[in-house]
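Keep your viewer open and follow the stops below. Each one says what to select and what to look for there.

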Amino acid sequence: QLQLVESGGGLVQPGGSLRLSCAVPAYAADFYAIGWFRQAPGKEREGVSCITASGSSTDYADSVKGRFTISRDNAKYTVFLQMNSMKPEDTGVYYCAAERMVSATNDEVMCILRDPYWSHWGQGTQVTVSS
């Protein structure tokens, strides 16, 4: 099991910003796509954003496009989720996930923002947007 550790959650006012971090094991940093998911109370977990292992491609849920930015620093074995212009509906537990997403010929493919495609999960970090 690949160990992922999220950090950076907290309480923020509407319109504010937070940056989440996901620490990835050194041996996996160059080979695994990383996704961010969130789960609000009483709701199913949903995909927020993902980034390929190389960092060349990203994807976002429609609800966060233009407000959230995912990036990775493989030299520091960390993936970031910068969240700006936050809204109360962004509240939830945020999880990072990892998966090797490659084709049959071992070429990198686009990451997929759906739960079943991800095998490795962190413990989550709470984000609360409230005044």
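Start at a disulfide: select Cys50 and Cys111, whose link is right-handed, with 85 degrees about the S-S bond. This is a predicted model, so read every value as computed from it. The two sulfurs of Cys50 and Cys111 are 2.2 Å apart. Which parts of the chain does the pair tie together? Cys50 lies in strand S5, residues 46-51. Cys111 lies in the loop between S9 and S10. The link therefore ties parts that are 61 residues apart in sequence. Check the surface too: Cys50 and Cys111 are both buried.

**Second stop: the other disulfide**

How many disulfides does a search of the whole structure find? The search finds two. Select Cys22 and Cys96 for the other link, with S to S at 2.2 Å. This link is right-handed as well, with 65 degrees about the S-S bond. Cys22 sits in strand S3 and Cys96 in strand S9, 74 residues apart, so the pair links distant parts of the chain. Are these two cysteines buried or exposed? Cys22 is buried, with a relative accessible area of 0%. Cys96 is buried too, and its relative accessible area is also 0%. Now label the bonded cysteines of the chain in sequence order: the pairing reads 1-3, 2-4.

**Third stop: the four-stranded sheet**

Stay with S3 and colour its sheet. Four strands form an open sheet in the order S1-S3-S8-S7, with antiparallel pairing. Which strands are at the edges? They are S1 (5-7) and S7 (68-73), each pairing on one side only. Look along the sheet: the twist averages 15 degrees from one strand to the next.

Now zoom in on S3 (residues 18-23) and S8. These strands run antiparallel and are joined by six bridges. Pick Ser21 as a marker: its bridge partner in S8 is Phe80.

**Fourth stop: strand S9**

Select S9, residues 92-99. How many of its eight residues are buried? Seven are, and the strand is mostly covered.

Take the partners of S9 in turn:

- S4 (residues 33-39) pairs with S9 in the antiparallel sense over seven bridges. Arg38 has Tyr94 as its bridge partner in S9.
- S11 (residues 125-129) is joined to S9 by three bridges, and the two strands run antiparallel. Here Tyr94 stands opposite Thr125.
- S10 pairs with S9 over two bridges, again in the antiparallel sense. Ala97 stands opposite Trp121 of S10.

Keep Tyr94 selected for a moment. Tyr94 is the bridge partner of Arg38, and Tyr94 also stands opposite Thr125 in S11.

**Fifth stop: the loop between S8 and S9**

Move to the loop between S8 (78-83) and S9 (92-99), and select Ser85 there. What is notable about its phi? Ser85 has a positive phi of about 45 degrees, although it is not a glycine. Most residues other than glycine have a negative phi. Ser85 is partly exposed, with a relative accessible area of 42%.

Step along to Met86, in the loop between S8 and S9. Is Met86 buried or exposed? Met86 is buried, with a relative accessible area of 2%. The cut-off for buried is under 20%, so Met86 qualifies. Draw a distance from the C-alpha of Met86 to the C-alpha of Leu18: the separation is 8.3 Å. Along the chain, Met86 and Leu18 are 68 residues apart.

**Sixth stop: the loop between S9 and S10**

Select Asn106, placed in the loop between S9 and S10 (120-121). Asn106 has a positive phi, near 70 degrees, and is a residue other than glycine. The loop between S9 and S10 also holds Cys111, from the opening stop.

**Last stop: the largest pocket**

Switch on a surface. How much space lies in the largest pocket? About 170 Å³. Build the lining selection in three steps:

- Select Arg38, Ala40, Pro41 and Lys43, among the lining residues.
- Add Glu44, Glu46, Ser63 and Arg67, which are in the lining as well.
- Finish with Lys87, Glu89, Asp90 and Thr91.

Colour the lining by class: eight residues are charged, two are polar and two are nonpolar. Arg38, part of this lining, is the residue whose bridge partner in S9 is Tyr94.

Notes. Residues numbered from 1 in each chain as written. Predicted model: local features only at pLDDT ≥ 70, side-chain atom pairs only at ≥ 80, totals over all residues. Heavy atoms only, no water. 1 Å grid on protein atoms, 1.4 Å probe; cavity = no way out; pocket = protein on both sides within 12 Å on 5 of 7 lines; lining within 4 Å. Points joined across faces, edges and corners; volume = space filled by probe spheres on them. Nonpolar A, V, L, I, M, F, W, Y, C, P; charged D, E, K, R; others polar. Buried < 20%, exposed > 50% of the residue type's maximum accessible area, 1.4 Å probe, protein only. Pairing = 2+ DSSP bridges. Axes fitted to C-alpha atoms, helices over the stretch in contact; angles between N-to-C directions. Disulfide = S-S within 2.5 Å.
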